[in-house]
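Here are a few short exercises to work through with the structure open beside you. Try each task before reading its solution.

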Amino acid sequence: MYLDHAATTPMLPAARDAWIDGARLWANPSSPHAAGRAARSALEDARARVKAALGWQGEVIFTSGASEALAIGLGRAKAVRRLASAVEHDAVWRAAPDAAAMPMTDGALDPQALAAALALPGRAVVAVQSINSETGTVLLAPGDTLADQVRAAGGVLLADCSQSAGKTALPDADMVVVSAHKLGGPVGIGALLVRDFAMLEPSGGQERGYRAGTENLPGALAFAAALDAGAMEAWTTTESQRLAFGAQLGAGGDVLRLGAQCSHIVAVAARSISATAMLIRMDAQGFAISAGSACSSGTLKPSRVLQGFGIAPDVAKRTVRVSIGWNTTPADLDAFAQAWVAANA
């Protein structure tokens, strides 16, 4: 039973069909001939559908995924300083290794530390996840006023919505990062949504000159199809069932609730078994879960994200992540909850 959807989720049937159809449009969308124009038309249609599905009024730059979108947004923003919450995905620190880490307080950005950092000279771009990929903590929700605070200081807010796009409405932000394979689309395609191209330094090449490389047309079409088909309301579990599942896991460990919480990602610490041993035990029983982000779970180091949230090292070493997707069934949740409680008895 697959419960690692925060790492990647299976392609929705509609997205798979769109990908196959897109593969038949083999021409380069930048070519001027008829085949190229047909490919360009399909690409722009996909772009419009992505914008409509996400309710985005600005521009859309197709990328190879969230990591490249972060690299463009953080690397080419017209700003002199980079700030990021201390619990951002590793891709943020690869894109902006010199970014200043903003501390957390009670599962949210420390407001005083952020205000002090924004008050320093020079325009800042601030990167914040909408939903944390390891704990499911909601850091930036629709209606939050963080963007107003950042803009009032002359800065730009970049929201990493890899774990929330296609599931909840986008928060107010100047740039938004989206990954297709987190929402039922294929790997190898994502997007950087930009309120205004004037926020970025162009680099030449495709995508209006802001991203080089031939566009992934089949991926773009599948990305749009996944957004069209993959609303959480169509999932096989309800929000109340997902929240009840999180409560069930508390009978066999400590569920980490670090602030506002989404319903599809749960971080829970085993009573006495290490996360590595628990992954092996659960895998042997047919359950796929993880310990933190898939990009870092193969290491033996304590989770930097959990440390950033202030989780004690001994608890962090026992913490696993269980994440739910569009094809997870209530029976899957019940079976895992029973296995989890039994393993921690």
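**Exercise 1. Rings in a helix**

Task: Decide whether Phe-336 is buried or exposed, then work out how its ring is arranged against the ring of Trp-340.

Solution. The model is a predicted one.
- Step 1: Phe-336 has a relative accessibility of 0%. The cut-off for buried is under 20%, so Phe-336 counts as buried.
- Step 2: The ring centres of Phe-336 and Trp-340 lie 6.2 Å apart, with the planes at 25°. Planes under 30 degrees apart count as stacked, so this pair is stacked.
- Step 3: Now place the two in sequence. Phe-336 and Trp-340 are four residues apart in helix α12, so about one helical turn separates them. Trp-340 is buried, as is Phe-336.

**Exercise 2. From one pair to a cluster**

Task: How many aromatic pairs does the model have, and what kind of pair do Phe-245 and Phe-336 form?

Solution.
- Step 1: The count comes to five aromatic pairs.
- Step 2: For Phe-245 and Phe-336, the ring centres are 6.2 Å apart and the planes meet at 55°. That angle makes the pair tilted, because tilted covers what is neither under 30 degrees nor over 60.
- Step 3: Find the two residues on the chain. Phe-245 sits in helix α8 (residues 239-249) and Phe-336 in helix α12 (residues 330-343), so the pair ties together parts 91 residues apart in sequence.
- Step 4: Check the surroundings of Phe-245. Its relative accessible area is 0%, so Phe-245 is buried.
- Step 5: Put the pairs together. Phe-245, Phe-287, Phe-336 and Trp-340 are linked into a cluster by ring pairs.

**Exercise 3. The nonpolar core**

Task: Which helix gives the largest share of the largest nonpolar core? Then list what Phe-223 touches.

Solution.
- Step 1: The largest nonpolar core holds 81 residues, and those touching the most other members are Phe-62, Leu-157, Val-176, Leu-193, Phe-223, Leu-249 and Phe-336.
- Step 2: Helix α7 (residues 217-229) supplies the largest share of this core, with eight residues.
- Step 3: Apart from this core lies another one of 26 residues, which includes Ala-66, Leu-70, Val-92 and Phe-197.
- Step 4: Leaving out residues up to four places away in sequence, Phe-223 touches Val-50, Phe-62, Val-178, Ala-180, Leu-183, Pro-186, Ile-189, Gly-190 and Ala-191.
- Step 5: For background, nonpolar side chains in soluble globular proteins tend to be buried together.

**Exercise 4. Two unusual backbone angles**

Task: Where is Glu-207 found, and is Arg-208 buried or partly exposed?

Solution.
- Step 1: Most residues other than glycine have a negative phi.
- Step 2: Glu-207, not a glycine, has a positive phi of about 50°, and Arg-208, also not a glycine, has one of about 60°.
- Step 3: Glu-207 is in the loop between β9 (190-194) and α7, and Arg-208 is in the loop between β9 and α7.
- Step 4: With 3% relative accessibility, Glu-207 counts as buried, whereas Arg-208, at 45%, counts as partly exposed.

**Exercise 5. A three-stranded sheet**

Task: Which strands stand at the edges of the sheet β10-β11-β12?

Solution.
- Step 1: The sheet is open, with antiparallel pairing in the order β10-β11-β12.
- Step 2: β10 (253-255) and β12 (319-323) each have a single partner strand, so they are the edges, with one side of each lacking a neighbour in the sheet.
- Step 3: Neighbouring strands here are turned by 30° against each other on average, direction ignored.
- Step 4: β11 (residues 265-270) pairs with β12 over five bridges, and Val-268 has Val-320 in β12 as its bridge partner.

How values were computed: Residues are numbered from 1 along each chain as its sequence is written. This is a predicted model: local features need pLDDT of at least 70, side-chain atom pairs count only at pLDDT 80 or more; totals for chains, interfaces and linings use all residues. Side-chain values use heavy atoms; hydrogens and water are left out. A nonpolar core is a set of buried Ala, Val, Leu, Ile, Met, Phe, Trp, Tyr and Cys residues joined through side-chain atoms within 4.5 Å. Buried means under 20% relative accessible area, exposed over 50%, partly exposed in between (1.4 Å probe, protein chains only). Helices (H or I, at least four residues) and strands (E, at least two) are DSSP runs, numbered from the N terminus. Contact means heavy atoms within 4.5 Å. Rings of Phe, Tyr and Trp (its six-membered ring) pair if their centres lie within 6.5 Å; planes under 30 degrees apart count as stacked, over 60 as edge-to-face and the rest as tilted. Two strands pair if DSSP finds at least two bridges between them. Axes are lines fitted to C-alpha atoms, for helices over the stretch in contact, and angles run from 0 to 180 degrees between N-to-C directions.
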